[in-house]
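Reader: Please take a close look at the charged side-chain pairs of this protein, and at the parts of the fold in which they lie. I should like one connected account.

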Amino acid sequence: MSLVLILIARPVSAVGQTENTPVIHLLDSLSNKIPALNENIDITVNATPVQEFLRGVANQTGLNINIDPTLNFTVTNNFVHVRVRDILQFLVDNYDINLQAAGNIINIRKNRPAPTPLSDRLQIEVDTSSHHVNMSIEQVPIQDLAKEITRKTGNNIVVTPELSKKVISSYIQNMPLTDAMDKLGMENNFTVTKTDGGFYVWEPKQPVRANEMQQHRSSGRNSIGDGTIDIEALTKDSVKIHTANAPLDKVVEKLFDVCHQPYKLLGPLTDNVSIDYDRISFASLIDELFAGTDATFKIVDGRYWIGKRNIDALQDVKMIQLKYRTVDSLVQIIPLQLKTGVEIKEYPDINSIILSGPQERVNRLATFIHQVDKLIPVILIEVLIIDNKNSKALATGITAGLSDEPVTTKGTVFPSVDMTLSSKAINNLIDGLNGFGWVNLGKVKSNFYMTLKALEEDGVIDLRSTPQLSTLNGHKATMSIGNTEYYKEEMNTIYGSINTQSQVATTYKPVNAELAVTIRPIVAGNDEVTLDIKVEQSDFTSRISEYAPPGKVSRKFESLIRVKDQEMILLGGLEEKEVKDTRSGLPLLARIPIIRWFFSSREKSNTKSKLNLFIKPTIIK
């Protein structure tokens, strides 16, 4: 049995091209100028650092080689009568290195990784319902970032010339645009200002002199107990705050007074807080202010109610109806830290989940639920199964023997010969031979028989099946085609020690032979589908005895491949070949040409079976 994996891919425009074709051309051109490249050498290495290996090659041939000192892999191989250029080509093909030429000097260096496309380093998503943004930014020029934010959100951004060469990195999850801008500025050392015209200005931070900072802090700081509070309203929805171990109730009082926001305090607040922001939105500051404390807040008719978490008036209840996921599957993936302090109840009748607890924790968990409640693609998988069987058989010869009972003459004579002759037919034949007078044969017994065989078979069976499977992204789709045979199992139970009795229980147990295909598709963001495929095929073989279980042979393979949407692939090569050649006959006589046809029999067969699977995934969104 052999296994061959064949992938059908898109046609290419060139034949005989390899990834390292430029290196081959370089070595071809250098071989004319550097004779050492054409020298044959013998060298054996075992876990030898590549720098030592190449120095050994250079010492033997006189080749000028400059080696990158950062190369640190080892080489294990036995090179016998190999050209130096072939050794260099071997290293390029099998290790992450490249060759460059400077006159008669060959430079061997590490391959430089290809730059990551901007689309992979910059991803911005905007939630049209909540107007929150998600940003994943990795080493992106600030001008490109500003253009992409403007294109996705419709908000104009002005970048001052001083920042034109700045490169930005940040990760922002589910934040309002203004807060996201502030976080970008804080992480990358620039300021963000929203003008009255509605556009944003990005400019470098201005250094603050020490005496000016001291004067500013002394003019705006209130000393309360052991802590300090410094709060300044920058715009309508952003503030500057510096506190050090300050009482929470005093911070709340000063913050809401400076920002002119209505609030209601439902009891004393006993925590102390330390917060330091040069610029932060009011909504984000409120979330951070109460994080990790015993206090919480709830917005009621535009007014902030603030108090201890255990106050009933500050508890919030929210029901979220899921659009794409089921309730039971969602609860299992919620992180433990998001469940803390929140009561979760399932309402499967309308595929909803009910959250109860402090408002900011309920909102935080609700945000997570909306993020994971995304449309899950459905993948339609078309499978074409072709099982091709090709068999050839040849049976010739004469057999004779004695049966328990007399047999009758029967069989076929055309287009193949397969006859069983009874004793009466054989005696008639003997009588005919005796009539010639040159031989006199006796009669055979009544239960004597003889078979004559001269037949040849050639058959082709082509079985086809075209099932269609559907499954959700990341879930398995399984199909099975097969049959079941049974064998008998008897159990004899003996009761008693003197007067024994026995009871025989008969059980028929099944044995399955099937073709089973399991496919797990995973859809990537670029509409490519990764298929985890498992195929197993089993067939029955002959029984070793009448009551024994049927024999079974299995063929199976696993494959992990990636294809584009609606692209068909071929998985083939599950091939089984059986060759049988059996002869029986009288010693010596069975070996003599022509005569052996009368004193021997022969059975010869050759069977080939090959299974091919065509698989085509289609993404249904």
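Author: In this predicted model, K345 forms a salt bridge with E343, and the closest N and O atoms of the pair are 3.6 Å apart. K345 counts as partly exposed because its relative accessibility is 48%. E343 also falls in the partly exposed class, since its value is 42%. Strand β22 covers residues 343-347, and the loop between β22 and β23 (352-358) holds I350. I350 joins M319 and Y347 in a nonpolar patch on the surface, with about 260 Å² of accessible area together. With 34% relative accessibility, I350 is itself partly exposed.

The pair K345 and E343 belongs to a count of 12 salt bridges. Side chains of opposite charge can pair when their charged atoms come close. The other cases described here lie in helices.

In helix α2, the side chains of R55 and E52 meet in a salt bridge, at 3.4 Å from N to O. R55 and E52 are 3 residues apart in this helix, so about one helical turn separates them. R55 is partly exposed, at a relative accessible area of 39%, and E52 is partly exposed at 47%. Helix α2 (50-61) is one of the elements against which the buried residues of α3 pack; the others are α1 (21-33), β1 (40-49), β3 (74-83), β4 (97-102) and β5 (105-110). The residues of α3 (84-94) that are buried are V84, R85, I87, L88, Q89, L91 and V92. An arginine, R85, is thus among the buried residues of α3, whereas R55 in α2 is partly exposed.

Helix α6 offers a second pair. The side chains of K183 and E187 meet in a salt bridge, with 2.4 Å from N to O. K183 and E187 stand 4 residues apart in α6, and therefore about one helical turn lies between them. K183 has a relative accessible area of 22% and is partly exposed. Because buried means under 20% relative accessible area, the value of 22% places K183 outside the buried class. Its partner E187 is partly exposed at 42%.

A network of salt bridges links E148, R151 and K152. Their numbers fall within helix α5, which covers residues 142-153. Helices α5 and α6 both pack on sheets, and these surroundings deserve a fuller description.

One of these sheets is open and consists of 3 strands in the order β6-β7-β9, with antiparallel pairing. Its edge strands, each paired on one side only, are β6 (122-126) and β9 (167-176). From one strand to the next, the twist averages 10 degrees. Strand β7 (residues 132-141) and β9 are joined by 7 bridges and run antiparallel, and V140 stands opposite I168 in β9. Helix α5 lies across β6, β7 and β9, and runs at about 160 degrees to β7. Helix α6 (residues 177-188) touches β7 and β9 as it packs on the sheet, its direction making about 150 degrees with that of β9.

The other sheet is also open, with 3 strands in the order β8-β11-β10, and its pairing is mixed. At its edges stand β8 (157-159) and β10 (190-194); each has a single partner strand, so one side of each is left without a neighbour in the sheet. Neighbouring strands here are turned by 20 degrees against each other on average, direction ignored. Over 3 bridges, β8 pairs with strand β11 (residues 200-204) in the parallel sense, and V158 has V201 in β11 as its bridge partner. Helix α5 packs on this sheet by touching β8, β10 and β11, in a direction that makes about 170 degrees with that of β8. Helix α6 touches β8, β10 and β11 as well, and its direction makes about 155 degrees with that of β10.

The helix that contains K183 and E187 therefore packs on the sheet of β6, β7 and β9 and on that of β8, β11 and β10.

For the wider setting, the protein has 14 helices and 34 strands. Of its 621 residues, 34% count as buried. Its accessible surface comes to about 37,900 Å², and 51% of this belongs to carbon and sulfur atoms.

Key:
Residues numbered from 1 in each chain as written. Predicted model: local features only at pLDDT ≥ 70, side-chain atom pairs only at ≥ 80, totals over all residues. Heavy atoms only, no water. Pairing = 2+ DSSP bridges. Helix = DSSP H or I, 4+ residues; strand = E, 2+ residues; numbered from the N terminus. Axes fitted to C-alpha atoms, helices over the stretch in contact; angles between N-to-C directions. Contact = heavy atoms within 4.5 Å. Buried < 20%, exposed > 50% of the residue type's maximum accessible area, 1.4 Å probe, protein only. Patch = residues over 30% accessible without salt bridge, like charges linked within 9 Å, V, L, I, M, F, W, Y side chains within 5 Å. Areas by Shrake-Rupley, 256 points an atom, 1.4 Å probe, with all protein chains shown as cover. Salt bridge = Lys/Arg side-chain N within 4 Å of Asp/Glu carboxyl O.
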